[in-house]
Amino acid sequence: MDPKTLQPQIVSAYRVLETGEPISRAEALLLADLPGELALDLAALANKVKNRYGSSIESLHACSIMNAKSGVCGENCRFCAQSRHNHADIEVYDLVNEDSVLIEARNCIAEGVSHFGIVTSGYGYKKINAEFQRVLDMIDRLHRDLPGLSVCASLGVLGEEPAAALAAHGIAHYNINIQVAPDRYHDLIADTHTVEERIETIKLLRKNNISVCCGGIMGVGETMQERIDMIFALQDLDVSVIPLNVLVPIDGTPLEGKEPVSVADIVKTFAICRLAHPNKIIKFAAGRETIMKDFQGLLMLSGANGYLTGGYLTTRGRDIADDRRFASQIASFN
Ligand code: SF4
């Protein structure tokens, strides 16, 4: 397609394809204003930028997570089934044993997934306590028994000691989200902790040279401009992987029955994120199959180069094998 036939905002954004230089915040805001019918033109550009710059890291980054400790969390995240402030009907259990983690991780490897994340509910770990030590032991066991696997973790807010220990134990990526409207975290996400605590954790992780996986969930009541705030905050935080989720409104949480964001706005968010982060891994996480259903293929062609497969923390996803077939079809657009 000749870029000259496109809207001026998109023509200007073609510069990213030529130079690899990210768009500015002002350009992102102009792109966010494009009418829905032009979202596909923007997606096409984002897919080209992904192919030229994003794929140089990993062609399609597939990861899977295990909920290693579920529920009774004292935090009050409004989207989350695991908060004890909410009333979702979920399975609750303490930290699982090492063998269960090993079995789950083996299944991932057998299905061709290279990254496996251990996730625990709760605020996090400011010190290395007995539970955190057990997580470190799990990481060591996975490295020892499954040497090809990249082991990741999402354990909440961290203090100095736990962050340094994760680096020493060779974690591949650490996930901690600042969410889509960092300035309204208190109103839209939780008021039992702050986004600043999360940002401090990210700085600690980077100080320890740990690669950070950080993004947010679309559809919690944020504006497009606030999503752009997150996208540019992530530039400043030097993250490597950006997981973008679409809210799965869970019964028993304050966001139960929440109206979904339009597909065109989600496409634009993925595309703008790619143009602001040409060479990062942008991962489509929760909501891909359950909420986006028929549109997940389109979203994977709007700048994403990674996906979470095999299920989420309290909801099932699609089979890893089905996802692999899906990914091979997506690859034909590369
Ligand atoms: S997102 Fe994490 S911190 Fe927030 S309520 Fe759920 S388990 Fe707790």
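## Helix H2 against helix H10

In this predicted model, Ala28, Leu31 and Ala32 of helix H2 meet Lys268, Ile272 and Ala276 of helix H10. By class, the residues of this contact are five nonpolar and one charged, with no polar residue. The charged residue is Lys268, because Lys counts as charged whereas Ala, Leu and Ile count as nonpolar.

H2 covers residues 25-32 and H10 covers residues 263-276; their axes come within 10 Å and cross at roughly 160°. Angles over 145 degrees count as roughly antiparallel, and H2 and H10 are therefore roughly antiparallel to each other. The crossing of H2 with H10 is right-handed.

## Helix H3 against helix H10

Helix H3, residues 39-52, also has a contact with H10: the two axes come within 9 Å and cross at roughly 35°. H3 passes H10 in a left-handed crossing. On the H3 side the contact is made by Ala39, Leu42, Ala43, Leu45, Ala46, Val49 and Lys50. On the H10 side it is made by Ala264, Val267, Lys268, Phe270, Ala271, Arg274 and Leu275. These residues divide into eleven nonpolar and three charged, again with no polar residue.

Lys268 of H10 takes part in the contact with H2 and in the contact with H3.

## Ligand shell

The residues around the ligand are Cys73, Glu75, Cys77, Cys80, Gln82, Ser83, Ser121, Gly122 and Gly156. Five of the shell residues are polar, three are nonpolar and one is charged. The three nonpolar residues are Cys73, Cys77 and Cys80, because Cys counts as nonpolar. The charged residue is Glu75, because Glu counts as charged.

## Leu255

Leu255 lies in the loop between strand E9 (241-246) and H10. It has 19 other C-beta atoms within 10 Å and is partly exposed; a residue counts as buried at 20 or more.

Beyond its neighbours within four places in sequence, Leu255 is in contact with Arg78, Phe79, Val220, Leu247 and Pro249. For one of these, Phe79, the sequence separation from Leu255 is 176 residues, while the C-alpha atoms are 5.9 Å apart in space.

## Ala165

Ala165 lies in helix H6, residues 160-168. With 19 C-beta neighbours inside 10 Å, Ala165 counts as partly exposed. Leaving aside neighbours within four places in sequence, Ala165 is in contact with Ile128 and Leu136. Ala165 and Thr120 are 45 residues apart in sequence, and their C-alpha atoms are 17 Å apart in space.

Technical notes:
Residues numbered from 1 in each chain as written. Predicted model: local features only at pLDDT ≥ 70, side-chain atom pairs only at ≥ 80, totals over all residues. Near = placed C-beta within 6 Å. Axes fitted to C-alpha atoms, helices over the stretch in contact; angles between N-to-C directions. Helix = DSSP H or I, 4+ residues; strand = E, 2+ residues; numbered from the N terminus. Parallel < 35°, antiparallel > 145°, perpendicular 65-115°, else oblique. Left-handed = near helix turned anticlockwise from the far one by under 90°. Contact = placed C-beta atoms within 7 Å. Buried ≥ 20, exposed ≤ 12 C-beta atoms within 10 Å, placed from the backbone.
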